[in-house]
Amino acid sequence: QVQLVESGGGLVQAGDSLRLSCAASGQTFSLYTVAWFRQAPGEGREFVAGMNWRGSTTDYADSAKGRFTVSRENARNTAYLQMNSLISEDTAVYYCAASPYGTEVSRDTTTYTYWGQGTQVTVSS
């Protein structure tokens, strides 16, 4: 079993930065792809960014390109989402997700086997 725990969310002002962390425990050796999703009120979970195990492939939603950076430290069993130049539209619950399968970063929620509990990001303008 794999457990994922997000942290780093909070209330910030527009233009500020946050770094979200996703700590993994359990059978972390089986993880291949890690991704970040977000869910705003009344909407489904939206893909934000993802990276494969070796960091050789990354993918970013258009809303994240140029502002967000996904990274991972496999030795620490931790993934990160660095968010800069935050705007009010970034307000959402952010989730990390992981899958032991696949060779490409997927934007489909059904691809991912493991999910964290989410961390709230609120950006005030």
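Q: How many disulfides does the structure hold?
A: Keep in mind that this is a predicted model. A disulfide is a covalent bond between the sulfur atoms of two cysteines. Here the structure's count of such bonds is one.

Q: Which residue does C22 join through a disulfide?
A: Start from C22, which sits in strand β3, and go 74 residues away to strand β9. The two sulfurs are 2.1 Å apart, and the partner is C96.

Q: What is the handedness of the disulfide between C22 and C96?
A: Look at the torsion about the S-S bond, which is about 65 degrees. Because of that value, the disulfide of C22 and C96 is right-handed.

Q: Are C22 and C96 buried or exposed?
A: The cut-off for buried is under 20% relative accessible area. C22 comes in at 3%, and C96 is at 0%. So both ends of the bridge count as buried.

Q: In what order do the four strands of the open sheet run?
A: Strands of a sheet pair through backbone hydrogen bonds, either parallel or antiparallel. In this open sheet the pairing is antiparallel, and β1 and β7 are the edge strands, each pairing on one side only. On average, neighbouring strands are turned by 15 degrees against each other, direction ignored. Reading across, the order is β1-β3-β8-β7.

Q: How many bridges join β3 to β8?
A: These two strands run antiparallel. Among the facing pairs, A23 has T78 as its bridge partner in β8, and L18 stands opposite M83. The number of bridges joining β3 to β8 is six.

Q: What is the bridge partner of F68 in β8?
A: On this side, β7 and β8 pair in the antiparallel sense over six bridges. F68 belongs to β7, which spans 68-73. Its partner in β8 is M83.

Q: Why is β8 described as largely enclosed by the rest of the structure?
A: In the sheet order, β8 stands between β3 and β7. The burial count explains the description, because the number of buried residues in β8 is five of the six.

Q: What is the phi of N77, in the turn between β7 and β8?
A: Most residues other than glycine have a negative phi, and most peptide bonds are trans. N77 breaks with that sign, as it has a positive phi although it is not a glycine. The hairpin of β7 and β8 has four residues between the strands, and N77 is in its turn. At 32% relative accessibility N77 is partly exposed, and its phi is about 55 degrees.

Q: What is the phi of S85 near?
A: S85 lies in the loop between β8 and β9. With a relative accessible area of 41%, S85 is partly exposed. S85 is a residue other than glycine with a positive phi, near 50 degrees.

Q: Is D90 buried or exposed?
A: D90 is found in the loop between β8 and β9. Leaving aside neighbours within four places in sequence, D90 is in contact with R38, R67, F68, S85, V121 and V123. Its relative accessible area is 0%, so D90 is buried.

Q: Which residue's backbone oxygen lies 3.3 Å from a polar atom of the S99 side chain?
A: S99 lies in strand β9. At 1% relative accessibility, S99 counts as buried. The backbone oxygen at 3.3 Å belongs to T111.

Q: How far apart are the C-alpha atoms of S99 and S124?
A: Along the chain, S99 and S124 are 25 residues apart. In space, their C-alpha atoms are separated by 33 Å.

Q: How many residues are in the largest nonpolar core?
A: Members that touch the most others are L4, W36, V48, F68, L81, M83 and Y94. Elements giving two or more residues to this core include β1, β3, β8 and β9. The total for this core is 28 residues.

Q: Which residues does V48 contact, leaving aside its neighbours within four places in sequence?
A: V48 is one of the members of the largest nonpolar core that touch the most others. Its contacts also take in residues such as R38 and D59. The full list is W36, F37, R38, D59, Y60, A61, A64, F68, L81 and Y94.

Q: How many residues make up the second, separate core?
A: This core includes A35, A61, V105 and Y112. A61 is also in contact with V48. The second core's size is seven residues.

Technical notes: Residues are numbered from 1 along each chain as its sequence is written. This is a predicted model: local features need pLDDT of at least 70, side-chain atom pairs count only at pLDDT 80 or more; totals for chains, interfaces and linings use all residues. Side-chain values use heavy atoms; hydrogens and water are left out. A nonpolar core is a set of buried Ala, Val, Leu, Ile, Met, Phe, Trp, Tyr and Cys residues joined through side-chain atoms within 4.5 Å. Buried means under 20% relative accessible area, exposed over 50%, partly exposed in between (1.4 Å probe, protein chains only). Contact means heavy atoms within 4.5 Å. A polar contact is a pair of N or O atoms within 3.5 Å; within protein, one must be able to donate a hydrogen and the other to accept it, and residues adjacent in sequence count only if both atoms are side-chain atoms. Two strands pair if DSSP finds at least two bridges between them. Axes are lines fitted to C-alpha atoms, for helices over the stretch in contact, and angles run from 0 to 180 degrees between N-to-C directions. A disulfide is a pair of cysteine sulfur atoms within 2.5 Å.
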